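Please look through the sequence and the structure below before reading on. The paragraphs that follow move from single residues to the architecture around them.

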Amino acid sequence: MDELEAIKVTFFQECEELLADLEGGLLAMQDGTDDGDTVNAVFRAVHSIKGGAGAFGLEPLVRFAHVFETLLDALRSNEIPSTQDLIAVLLRASDVLADHVSSARGLGMVDDAVSAAMAAELKAWTDPSYAAPPAPEPGVPVEAAAPVPFVMEPEESLEDDDLGFDFQPMTITIDEQAATVFQAIGDAWTVSIRPKSDLYRKANETALLLRELARLGPIQATLDDSALPTLEFLDPEAAYVTWTVRLETEQDEAAIREVFEFVDGDCELEIVRGEAPVDQALAALLNPVETAPAPEPELTIAPPVVEQPIIAPPVVEAVAPAPVSAPAPAAPPVAANAPAAAVAAKAQQIEVPGPGQSVIRVDPERIDRLIDLVGELVINQAMLAQRVGEYGIAPSSNLAMGLDELEQLTREIQDSVMAIRAQPVKSVFQRMPRLVREVANMTGKQARLVMDGENTEVDKTVIERLADPITHMLRNAIDHGLETPEERKAAGKNPEGVVRLAALHRSGRIVIEVQDDGRGINRERVLSIAVKKGLISPEIQLTDEEIDNLIFLPGFSTADKISDVSGRGVGMDVVKRSVQALGGRISIASRPGLGSTFTLSLPLTLAVLDGMVIDVAGETLVVPLAAIVESLRPKAEEVRPLGPVGAVLAVRDSFVPLIDVGLTLGYRDTSPSPTEGVVLLVEGEDGSRAALVADAIHGQRQVVIKSLEQNYQQVEGVAAATILGDGRVALILDVDAVIGLRRREPPRSADPTLIAAE
Amino acid sequence: MPALALPETLDLKAAGPLKQAFIENRGNAIEVHADQVRRLGGLCLQVLLAAQKAWTVDGKTFSIVAPSEAFLETTRLFGAEGAFFPTAIHGATS
């Protein structure tokens, strides 16, 4: 079962890609930037999803995909003209299809009513007379189970059969019992499959065709390897073997043919209703108990090689290796056909893009492990360098030079490994067009999403956590930022609002911008709400920028009524918190009447960090370099006591609070004078500054981040841990949390004068 | 008895090397280990069938051992399990 699960996982991965292709194609059609093949690509995406879903028996998904696909088929064959209305419907259908995929995956549920309505809508396009809403059972009604024509006639199809011998019609009588078995099961079909070499060359696979056939009903494949040359003369990339498949299904011929849609032209196909002549399966049915000897030897049409016990209909269970003793005709008639040399290719050949040859799928866990190991390597290398340094080996010695090279190499390996895990933000961005459509629909706004920089790469650890903030910001931009079409018209703007989502690299960080051309932040209202909710005191004077930033306060919501979309008061402060948890910051710029821009800046990776190594009360700590503005040794006259316990540091005409890290983290109960230590001037994510007091600075270093939550537990004031060159564990400070801790708690010390002590 | 371990994926790209591997082992009884196989395609199936025939012609033992579930399932799908896993196939001629 493990294996099936693994295949299923691959299927869902492919679904993600296919859904993205589908949406991309439809959007291109909407913008008019499609080419002739776009509609085919769109059709193929849906068809592939349907095919895979069928193999796993995901019925609701298959049913919906089928209706969808039928409409797309009509569209690509120009039976239905492509209009903007139709494409809008198709886009919404692609959303429902995505829901079905998610639901099949066990993530979320499909709204059956929505799905049925969508299916009905799709159906109505292909068949205008169709009106009844319930989602139809796709596929053609089962034709009355005609008695299987056991009396075989030399059918046309068989005459095409260039097997190189004459076929003798033959009458087989069958006992009643077997006959009833047959009818009870449904119609039997015989499908002859003759793959051409091109089929394999285009990365298609007979096994998949068989598997897809198997989902229509129980199959029994019989292979014919009479054309197979001896091993020496075998071209490993040419197709020789052909198959005859006995299929029992209630579906019609079109459904069977559909299985081969992709390989049209690369595979000769014959579909015959009823049993194949002198099919072994039939022979077995006739004589279910005895092992059937190969039928009439002169009737060489029987696929000669494989003698196997033909188990009655539900074929695909029972593993039991064949306990059959029937002699295998080892030397089959060689007059057989060369399947490759065959009839002219059928009408239209659909080029199926093979799975990208240059792309490999790797379990992310393996990469994570590799990154961990490289992290260890970096640490180890640092330890080695330190040891060598301790022995006082001359920097010009071979050993020291070798170590330098090792360091270089280690760094390069680390960079390359990080690059493996870097992914374009596209994977997150591509979910957004749907979101914008839905939100716009719900709020009655018209919105167009413009995306930029989708290929900007970020470490996977960051990508995974980008989706939520971006989702929130986009919702916010549409719900609060954009005006209604009427308001926009009145303001002389295009009724359709534009939301721009962009990603770019800036000084070693990734910046995400969400920009709308809406009304901008209503500062008066923001201010009055903040005052009303008691978030700020009414006397306080705020700059425009400060007012804009009020929306990040917890519990702030400007929506007059609580909408479905946003405005639950959890919006922007949640965004801010999740961004900060990533070591990022968020800011807003707004111009009344012209719109707002949210800017999100994040580190490119959460795996390594540039930090300042400091010493506090005998402990080694790392302060993220990004937070440090400057470091200095304070002079006595710059330290001023403030209140009973605090002290501030005068830095260039402003005062910043002094925070003793050792005291805040509980390393010591009393603080030494700040003048004896070093002060790191840091800036919190909100722009607030503080001066952290440390005993000494060891230097700047790149460190590998080890999660504390995963290996131990969350510790307030500490973001993560790392291992230093000397093998010691050092904690990485969470600067914001340290500032916050300091603000909330008075120092544990009973003596209030300690910090301020001169 | 020489053993030949089949790779995980037996697709188009694996067919050539697989044939080569068989040709190099020709003339000796062979054990083909199929425990790693996760995907078996039509082309490699052909190579396996041809190899099996070649070994039969040589009168040497050709056995597939420890087939993975995927290998079994796919050979069954292909209708080829009888060729690979019968008990009395060796030396049978007609």
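Is A:Ala617 buried, partly exposed or exposed, judged by its relative accessibility? In this predicted model, A:Ala617 counts as partly exposed, because its relative accessibility is 30%, and buried would require a value under 20%. The residue lies in the loop between β12 (608-616) and β13 of chain A, and its phi is near 50°, a positive value in a residue other than glycine. Such a value deserves attention, because most residues other than glycine have a negative phi.

A second alanine with a positive phi is found in chain B, where B:Ala66 has a phi near 45°. B:Ala66 lies in the loop between β5 (62-65) and α3 of chain B, and it is partly exposed, with a relative accessible area of 47%.

From the loop that holds A:Ala617, the path along chain A leads into strand β13, which spans residues 619-624. Strand β13 runs parallel to strand β22 (residues 729-733) of chain A, and two bridges join them; in β22(A), A:Ile732 is the bridge partner of A:Val622. Strand β22(A) also pairs with strand β21 (residues 718-723) of chain A, here in the antiparallel sense and over five bridges, with A:Thr722 standing opposite A:Ala730. Strands β21(A) and β22(A) form a hairpin with five residues between the strands, and in this hairpin A:Gly727 takes a positive phi near 90°.

Elsewhere in chain A, strand β16 (residues 646-651) contains A:Ala647. This alanine counts as buried, because its relative accessibility is 4%, which is under the 20% limit. A:Ala647 and A:Leu658 are 11 residues apart in sequence, while their C-alpha atoms are 5.6 Å apart in space.

These details belong to a chain with 24 helices and 22 strands. Of the 758 residues in chain A, 47% are buried, and the chain exposes about 37,300 Å², of which carbon and sulfur atoms supply 53%. When contacts in chain A between residues at least 6 apart in sequence are considered, 71% of them join residues at least 24 apart.

The interior can be followed through its nonpolar cores. The largest nonpolar core has 64 residues, and the residues with the most contacts inside it come from both chains: A:Ile193, A:Leu213, A:Trp243 and A:Phe260, together with B:Phe22 and B:Phe71. Helix α2 (residues 42-58) of chain B gives the most to this core, with 10 residues. Apart from this core lies another, of 44 residues, which includes A:Val462, A:Ile551, A:Leu582 and A:Ile586.

Which residues surround B:Phe71, once its neighbours within four places in sequence are left aside? B:Phe71 is in contact with B:Leu6, B:Ala34, B:Val37, B:Leu40, B:Leu48, B:Ile64, B:Phe84 and B:Phe85.

Aromatic rings offer another way of reading the structure, which holds eight aromatic pairs over all chains. B:Phe22 and B:Trp55 form a pair that is edge-to-face, at 5.8 Å centre to centre and with 70° between the planes. This pair links distant parts of the chain, since B:Phe22 is in helix α1 (residues 12-24) of chain B and B:Trp55 in helix α2 of chain B, 33 residues apart. B:Phe22 is buried, with a relative accessible area of 0%, and B:Trp55 likewise counts as buried at 0% relative accessibility. The rings of B:Phe71 and B:Phe84 have their centres 6.2 Å apart and their planes at 35°, so this pair is tilted. Here too distant parts of the chain are linked, with B:Phe71 in helix α3 (residues 69-78) of chain B and B:Phe84 in helix α4 (residues 81-84) of chain B, 13 residues apart; both B:Phe71 and B:Phe84 are buried. Beyond the pairs, B:Phe22, B:Trp55 and B:Phe62 form one aromatic cluster.

An aromatic ring in chain A takes part in an interaction with a charged group: the charged end of A:Arg76 sits over the ring of A:Phe43, 3.7 Å from its centre.

Conventions:
Residues are numbered from 1 along each chain as its sequence is written. Chains are lettered from A and ligands numbered from 1 in the order in which they are written. This is a predicted model: local features need pLDDT of at least 70, side-chain atom pairs count only at pLDDT 80 or more; totals for chains, interfaces and linings use all residues. Side-chain values use heavy atoms; hydrogens and water are left out. Helices (H or I, at least four residues) and strands (E, at least two) are DSSP runs, numbered from the N terminus. Buried means under 20% relative accessible area, exposed over 50%, partly exposed in between (1.4 Å probe, protein chains only). Contact means heavy atoms within 4.5 Å. Accessible areas come from the Shrake-Rupley method with a 1.4 Å probe; for residues, only the protein chains shown count as cover. A nonpolar core is a set of buried Ala, Val, Leu, Ile, Met, Phe, Trp, Tyr and Cys residues joined through side-chain atoms within 4.5 Å. Rings of Phe, Tyr and Trp (its six-membered ring) pair if their centres lie within 6.5 Å; planes under 30 degrees apart count as stacked, over 60 as edge-to-face and the rest as tilted. A charge sits over a ring if NZ of Lys or CZ of Arg is within 6 Å of the ring centre and within 35 degrees of the ring normal. Two strands pair if DSSP finds at least two bridges between them.
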